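Let's take a walk through this structure by way of its charged side chains. Have a look at the fold first, and then we'll go pair by pair.

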Amino acid sequence: MDEAIKQIGERLKGLREVLNIPAEEIAELCEISLDHYLKIESGEADPSVYRLSKISKRYGIDLDVLLFGEEPRMKGYYVTRKGHKKMKEEKKKIQNNFIVAAGLLALFILYTVAIMFVDVQPIGPQGSSVGFAEVNQYFHTLFGVNMLLYSITDWLSIAVLFIMFGFAMVGLVQLIKRKSLFRVDSSILVLGGFYVLVFLAYLFFEFFVVNYRPVLIEGVLEASYPSSTTMLMMCIMPTAIMQFHHLISSKRLRNIVNAFCGIYASFMVIGRVLSGVHWFTDIVGGILLSATLVMLYYSTNQLVNSKASRSSQRSR
């Protein structure tokens, strides 16, 4: 029985690599964690017929091929041709993702420049100048200032730091167990680089001030653009949801966690708008910059997974 399971695992791995499909995609298809799926490929876990059926449909082959085939590369000509076609489609998709990320970055830059030069008036505290003055003044008058809501959202934002720390611990545990940085999951490494990029973006706008806050915080006039809390929420929570797809095998639990993340992020952003401690355009700027960075993360993650699959295929 153990030998049969091992052979099925070899077929699963061989076909996946020939077709150039990331292991993360198959794990998500089977609604299990990446570690669990890799154990199936290595013969350490018994795959259910239901999961094998889903995988066979994804690969475009009969279920019998996975159950009873003698070689992981069976029907090689058919699989390889299909794999090359899929590889081209995947490459095109990744390129389009990077184009979208570049487009969002260009839009954010144009938006930032517009804030610096369009309708700039000294409507802020201590005579500080603000772009899109009429729009910002309208929303600031509409919502007013709610320092209690500001304090609540400020304290709740600490949860994001725990999420970042949690993923850092996942990477550290993998590094200790696998004894090599190159054997840590690529998605975790890319996520670490993404966190560094978010931090650098935050630092940049702390020194390169576009707008100051509409209110003084403890008597200090602080930078407001883009809203740092909004940027943090809209960067960390979407990428956390992407990671949970691989780390949480239970679909029900994953949906609950993802729903909580979405509600939490929405509350934080809306709370920031209603608290009146940022100009409205600064909230929008935070969302726009976050969308750019998250799209860049997603595209890079897909690129790294694709290259890893091709490298593994060539080494076979």
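Start with a pair that is tucked away: arginine 16 and glutamate 41 are both buried. Their side chains meet in a salt bridge, at 2.6 Å from N to O. If you trace the chain, arginine 16 sits in helix 1 (residues 2-18) and glutamate 41 in helix 3 (residues 34-41), so this contact links distant parts of the chain, 25 residues apart. Keep in mind that what you're looking at is a predicted model.

How many salt bridges does the structure hold? The count is four, and we'll visit two others here.

Next, find glutamate 25 and arginine 58, whose side chains also form a salt bridge, with 2.6 Å between N and O. Glutamate 25 belongs to helix 2 (residues 23-30) and arginine 58 to helix 4 (residues 49-59), so the pair ties together parts that are 33 residues apart in sequence. What about accessibility? Glutamate 25 is partly exposed, at a relative accessible area of 32%. Arginine 58 is partly exposed too, at 24%; the cut-off for buried is under 20%.

Now jump further along the chain to arginine 272, which makes a salt bridge with aspartate 154 at 3.6 Å, N to O. Here helix 12 (residues 251-275) supplies the arginine and helix 8 (residues 147-156) the aspartate, so parts 118 residues apart in sequence are tied together. Is each partner buried or partly exposed? Arginine 272 has 1% relative accessibility and so counts as buried, while aspartate 154 is partly exposed, with a relative accessible area of 33%.

Definitions and conventions
Residues numbered from 1 in each chain as written. Predicted model: local features only at pLDDT ≥ 70, side-chain atom pairs only at ≥ 80, totals over all residues. Heavy atoms only, no water. Helix = DSSP H or I, 4+ residues; strand = E, 2+ residues; numbered from the N terminus. Buried < 20%, exposed > 50% of the residue type's maximum accessible area, 1.4 Å probe, protein only.
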